[in-house]
Amino acid sequence: MWFQKSQEEALTELQVEASKGLSNEEVQKRREKYGENKLQEKKKKTLLQLFLSQLQDALIYVLLAASVVTLVVGEYADTVIILAVVFLNAAIGVIQENKAEKAIEALNKLTTPHSLVRRNGETTEINSTDIVPGDIVILDAGRYVPADLRLISSVNLQIEESALTGESVPSDKFFDKVFDENKIPLGDQANMAFMSTLVTYGRGEGVVVSTGMDTVVGQIAKSLNEEVDGMTPLQKRMDELGKTLGKLALGITILMFVIGFFQGRDLLDMLLTSISLAVAAIPEGLPAIVAIVLALGVTRMSKINAIVKKLPAVETLGSVNIICSDKTGTLTQNKMTVLKYYVYDQIKDVDINAKSIEVESETQEELIKSFVLCSDATSNEQESTGDPTEIALIVLGNRHGMAKDELNRLYPRIDEKPFDSDRKLMSTLNEEESGYRVHTKGAIDNILKISDKILIGGEVKPLTEDMRGSIMKASEEMSNAALRVLGVAYKDTEERISPEDMESNLTVIGFVAMIDPPRIEVKDSIASAHGAGITSVMITGDHKNTAVAIAKELGIAERIEQAMTGAEIDELSDEEFAKKINEYRVFARVSPEHKVKIVKAYKAQGNIVSMTGDGVNDAPSLKHADIGVAMGITGTDVSKGAADMILTDDNFTTIVAAIEEGRNIYNNIKKAVIFLLSCNLGEIVAIFISVLFSFAIPLLPTQILWVNLVTDTLPAISLGVDPGDDAVMKKKPRDPKESFFAQGAGVRAIIGGLLIGALTLLAFTIGLAERGVSLRDSMNAPDDVIVYARTMAFVVLATSQLFYSLTMRSETKSIFQVGIFKNKYLILSIIAGVVLQFGVITIPFLANAFKVHALPLNDWIIVFGLSLLPLIANEIIKIFMRMKED
């Protein structure tokens, strides 16, 4: 590994002299060997490929088969209707899919277009894609690193690596460090610089060790290109349902032929009857209804700041029981903030929400003033620039009425001694009214080493060993609480002094303690998720102590034993890690590969996993999770491209709200599915019994299609947008393996279907009896009698299903408890369905098309009376279910 080699070893191995760089001839050879320095994108699917992929579903296969049969027998209207449903469903899917898979494109945009390199002994700017292993790259503040480098020189070099490591502050880099360990977290490889990271301070040089897909970012790109099983729990349920219905339709067709053969029926009649039953067995509108319900759910979720890129992802949210969240920028604010400051024997807590804070003593005022004057950053309400630690100090000054611009005007800086990573100090020389003052900030232990006095209560006193011990003890307590400590001191001088004389005989004032604080609203959201049976897990590139401190404050973890580092993960096999995964709540110092391993381990235990993040390093795990959630504001284009959902407000709370919406959407889809299957079972029962006992067929294929695609579809869609259950987040997540028919739903569907089917057959019998024909003699009845009886059956089938939809809104609550008019769409759809059914019966050309007859008033009363019975029966069943629950 390159971090284990010295700079001399790296240069020797790559056969290059640092002072000269590569020759043009050598560059050409290496470019032929290694290729261009860019990331490879996976071949995109064409619109046709996307469209065809939407048709790869068992239910769609059955519908296509049904359309072929209807075409063969000349039922062209049926063919058109079925194909319209199939193509509508596929078109909706293509529109959503076409918006996705932009991750690698975004990753390529992160690579810097031009770089400074040394070739043939001269420094020149070239296109970054032309860089090859062995090139000497020059780095300075503001430049992106164009490839993975082993540093060969550095001066106060700091690189912003949060996109790769998750750390909230820039990493210090040292060219002369060499590591003995085989595995070191990315954030600790201080002698390396990585592609797509940003130099924020200092300068340096490095030799290119990896380009393109061989870089750390390239490994992320490879992970993004991996094919991941994208089937959501809903898609799996729908696939299983489609296969079941397909087998049922095939079985019914074969059974009808066998029965018809033994009964001596005409084979063409039996073919038409079989089509009737096949059509009755398949809820033709179901794929379109599910797509529409999911699309409406996506629209609702966009109003709560959650943008869903793939329709099925909406429902998957309802199954989530693990939320793996990146710390920096997701759980925390991604900005260092001073929480406390210390002057001798006094600790002051800073209200981070207050815009204005009064200074309580002269010593505190001097502490803040020195910190602000000894900083290069700028910050106001609009924007901040510079090192995150210094920005935190400027913000502290602003809150205490000590703005940097005003202090610089009053006390102009005339000289400075820049920060050095060996000294861990920075000093400035500023003019004062009676002379000059040195302000020095840095590591508190180093500040104490160069100080011999201390400011207490506005007076300068000698710094004793006891005082040093007291200051260090307070500092260590804050460091143990994962706070970053920074000390400050000063000295007055009558004349201007050189930088070499600045850092000696100082007067220590105190120190500040800072951290990247948690988002204010996150703690309540985590508690809400916990109450819904959802476990929150923190994944971060930060150090273990820092991560655990934040996790404790947020209620994610209780003790440090619940934390694991990336190095500890590497010691376990995938199987061992998966077995232990549930013991941990915090994963620290992890790499992108670790994040994917964590997600896979949770999934191996049967969990439905949501991963949230905003950095490039989060992209692979976002893609491998069941639901990848990217931050819309702070998130990189790479993370957004890999995610299934984007939060436009970067708010963890929105994830919990989205999960609640996802649960309600699944419940609504389940209501629609059970409703449709009850209705279709009713159709099967009516036709099957008629064939079995040699009765006339009570319904024609066209009539069944009308009911399935029109009068069923409107209530089904309305059930899909039913108002959410208030108690949905008080229940545990749904088992992803749970079928649509769990918890008694299957029994209710069968009871509803048997009732609808029996009443349809009863209406057919009444219609025959009114014309003096018995059901047993119906095979020989005149055509006008059969048409009239079928009209009665047709109306009862349609209206009983419309009324039955009212009782499907809740499994246990009565229609009065849920509120009859609470779902206005359902009421309107029932009214519309009745009006449409009335129109089909009474408008002559429609009546002729559907082969029905107008009914007199007394028959309308009979059919409406029969149609209410399934609704009443199900409400009575609910009474017994509520009694059982109590």
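Aspartate 492 and arginine 437 meet in a salt bridge, and their closest N and O atoms are 2.7 Å apart. By salt bridge we mean a side-chain nitrogen of Lys or Arg within 4 Å of a carboxyl oxygen of Asp or Glu. Aspartate 492 belongs to strand β19 (residues 484-493) and arginine 437 to strand β16, so the pair ties together parts that are 55 residues apart in sequence. Helices (H or I, at least four residues) and strands (E, at least two) are DSSP runs, numbered from the N terminus.

How exposed are the two partners? Aspartate 492 is partly exposed, at a relative accessible area of 48%, whereas arginine 437 counts as buried at 9%. Here, buried means under 20% relative accessible area, exposed means over 50%, and partly exposed is in between (1.4 Å probe, protein chains only).

Keep in mind that this is a predicted model: local features need pLDDT of at least 70, side-chain atom pairs count only at pLDDT 80 or more, and totals for chains, interfaces and linings use all residues. Residues are numbered from 1 along each chain as its sequence is written, and side-chain values use heavy atoms, with hydrogens and water left out.

**More salt bridges**

A search of the whole structure turns up 33 salt bridges. Here are three of them, including the one we started with.

| Acidic partner | Basic partner | Closest N to O |
|---|---|---|
| Aspartate 492 | Arginine 437 | 2.7 Å |
| Aspartate 376 | Arginine 413 | 2.8 Å |
| Glutamate 568 | Lysine 544 | 3.8 Å |

Take the pair of aspartate 376 and arginine 413. Aspartate 376 sits in the loop between α14 (362-373) and β12 (378-379), while arginine 413 is in strand β14 (residues 413-420), so the pair ties together parts that are 37 residues apart in sequence. Aspartate 376 is partly exposed, at 36% relative accessibility, and arginine 413 is partly exposed too, at 26%.

Then there is the pair of glutamate 568 and lysine 544. Glutamate 568 is in helix α21 (residues 566-570) and lysine 544 in helix α20 (residues 544-554), which makes this a link between distant parts of the chain, 24 residues apart. Glutamate 568 is partly exposed at 30% relative accessibility, and lysine 544 is partly exposed at 23%. Elsewhere, salt bridges that share partners join Glu125, Asp140 and Arg143 into one network.

Lysine 544 also turns up next to threonine 565: leaving aside neighbours within four places in sequence, threonine 565 is in contact with Lys544 and Ala588. Contact means heavy atoms within 4.5 Å. Threonine 565 lies in strand β22 and counts as buried, at 16% relative accessibility.

**The eight-stranded sheet**

Which sheet does β22 belong to? Eight strands form an open sheet with mixed pairing, in the order β8-β26-β25-β24-β9-β21-β23-β22. The edges are β8 (306-308) and β22 (563-565); each has a single partner strand, so one side of each is left without a neighbour in the sheet. Neighbouring strands here are turned by 20 degrees against each other on average, direction ignored. Such axes are lines fitted to C-alpha atoms, for helices over the stretch in contact, and angles run from 0 to 180 degrees between N-to-C directions.

Strands of a sheet pair through backbone hydrogen bonds, either parallel or antiparallel. Two strands count as paired if DSSP finds at least two bridges between them. Strands β9 (residues 322-326) and β21 (residues 535-539) run parallel and are joined by five bridges, with serine 325 opposite methionine 538 in β21. Helix α26 (residues 652-692) packs on this sheet, touching β8, β9, β21, β24 (609-613), β25 (627-631) and β26 (645-647), and its direction makes about 160 degrees with that of β9.

**Strand β7 and its partners**

Strand β7 (residues 198-210) pairs antiparallel with β3 (residues 136-140) over five bridges. In that pairing, aspartate 140 stands opposite arginine 203 in β7. Strand β7 also pairs with β4 (residues 148-160), in the antiparallel sense over ten bridges, where isoleucine 159 stands opposite valine 199.

**Cysteines and confidence**

How many disulfides are there? The structure holds zero, a disulfide being a pair of cysteine sulfur atoms within 2.5 Å. Cysteine 324 is buried, at a relative accessible area of 0%, and cysteine 679 is buried at 0% as well.

The chain averages a pLDDT of 85, and 90% of the residues score at least 70; pLDDT is the predictor's confidence in each residue, from 0 to 100. In the chain, confidence is lowest in helix α6 (residues 103-110), at a mean of 48, and highest in strand β16 (residues 435-442), at 96.
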